[in-house]
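Biologist: I should like to learn how aromatic side chains are read in a model. Please take me through the present case.

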Amino acid sequence: MSKILWADDEIDLLKPHIMFLRSKGYDVTSACSGRDAVELAEQSVYDLIILDENMPGLTGLETLPLLARVAPGVPVIMITKSEEENIMDQAVGNNIADYLIKPVNPNQILLSIKKNLHSGRLVSEQAQSGYRQDFGDIGQAIAMADSPADWQSLYRRLVDWELKLASTDTNMDELLEMQRAEANSEFYKYVKRNYHDWLRAGSDAEGRPLLSPDVFKRRVFPLLDAGRKVFFVLIDNFRLDQWEMLKPLLADTFSMEESLYTSILPTATQYARNAIFSGLMPADIERMFPDLWVDEEAEEGKNLNESPLIATQLERFRRKERFSYTKLNDSSGIEKLTRDIASYESYDLNVVVVNFIDMLSHARTELKMIRELASNNAAYRALTQSWLKHSGTVDLLKRLAAKGYHVIVTTDHGTIRVDNPVKVVGDKNTNTNLRYKVGKNLSYNQKQVYEIKNPAAYGLPSPNLSSTYIFAGGRDFFAYPNNYNHYVQYYTDTFQHGGISMEEMLIPLITLTPKTR
């Protein structure tokens, strides 16, 4: 039974309200003054306190800090006859749980109590009931999905339920995870059936999703054509659920046009990000700009030529805009960019790459402490949200809004937590990525991979004449037979990218328009 303390100098007039609450199962103790309320709170533990603001002696506002000392963390509902804004501001500033204006009826009080004492349980029950009702519809949507729009809608729906259930105390998240696995299995089959046709079709063809090489043409150039100053912010490894963590932090600052686009394969920086910045498929980059393409076997970094690739795209489309390119790996870099924002005003387009989330996913694989901090998707999201908020990223975006910039927030690919090893054998020149392999002597079970034996037909370069690409789906990852058990144990439950899943391929593309300037 929840214990409630109600302090009001006219408490005798509130007996019907108190009787009503007792009939609903609450243990209500009354007090006639602020001083009495503080003394009672010192003597007993209460779950919630109802406090009248207009009491003689200690007012409600004067009682609040005293209660905070003796009963820290206990929610306080303040009731007052006054509608003066400064009274409300002071009450809210003291972190009250709710603010009600007299006269109040018993149901108003009951609703506020339920909101503050039982919201977690009620939300859990409602979410559990809602997902149970939606379960069958989602299953049917998985079976029927046969277009990019279908899969984007389905993925949004699954992420929405994941976020709702993650914040509740239910066991439905396990059922959702099973349904997500089923969806990813069908999405993998869908991509295998359609990926080649997407690449053969024109960028405006019906039924073809927006792909990595289309992003600048379809999202950036129209803003520039309209005379907008644009910041293009690419956050590496940024998934839809992580965007949902960032979104509330920007809601007061920007109007948002939210969409998803489809990353090309492999869903890895060398391919997907270079395709965005060049507006070309990887094979075309290698053919047209061989000095800007870095082969898999090369030891140098695979993303060192991003600024020159942007320049080639602007030149190919005969665009005259001046652009800047900045790569940020830590908070100090973000803070410096924010301080120096005035120096970017001479550019029409400013491209910023934020690498932290990619670094986090790698650190989670390699460092036990980070793996403990981000033990599952919910913890991984929370860690991402904390960094985005406290690293200065949100402050940077808000500063851009104040300067009147349109901001595009996106990524080159997402990431997925893997737990199912698939054996593959390759020679010493085979790449190390766990979700895709490219090599000339690969050995694998064809039923377990998406196989591309003619890379040129899929817009991919061939390091060798007989190169084959293979891609993992679902939560699979490739493991070598040598030292197999150690390899599997080390990489199980790590976040990887490069393969085929909704998390890796269906990724945020958000246009932010400042609400005020």
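Biologist: How buried or exposed is phenylalanine 135?

Modeller: Buried means under 20% relative accessible area, exposed over 50%, and partly exposed in between (1.4 Å probe, protein chains only). Phenylalanine 135, at 32%, is therefore partly exposed. This residue belongs to helix α6, residues 119–144; helices (H or I, at least four residues) and strands (E, at least two) are DSSP runs, numbered from the N terminus. The model is predicted: local features need pLDDT of at least 70, side-chain atom pairs 80 or more, while totals for chains, interfaces and linings use all residues. Residues are numbered from 1 along each chain as its sequence is written, and side-chain values use heavy atoms, without hydrogens or water.

Biologist: How many aromatic pairs are there?

Modeller: A pair of rings is described by the distance of the centres and the angle of the planes. Rings of Phe, Tyr and Trp (its six-membered ring) pair if their centres lie within 6.5 Å; planes under 30 degrees apart are stacked, over 60 edge-to-face, and the rest tilted. The count here is 25. Among them, phenylalanine 231 and tyrosine 344 are tilted, with centres 6.1 Å apart and 50° between the planes. Phenylalanine 231 lies in strand β6 (residues 230–235) and tyrosine 344 in the loop between α14 (331–339) and β9 (349–354), 113 residues apart.

Biologist: Why is the pair of phenylalanine 231 and tyrosine 405 edge-to-face?

Modeller: Their planes meet at 85°, with the centres 4.9 Å apart, so the pair is edge-to-face. Tyrosine 405 sits in the loop between α18 (393–402) and β10 (406–410), 174 residues from phenylalanine 231. Phenylalanine 231 is buried at 1%, and tyrosine 405 is buried at 2%.
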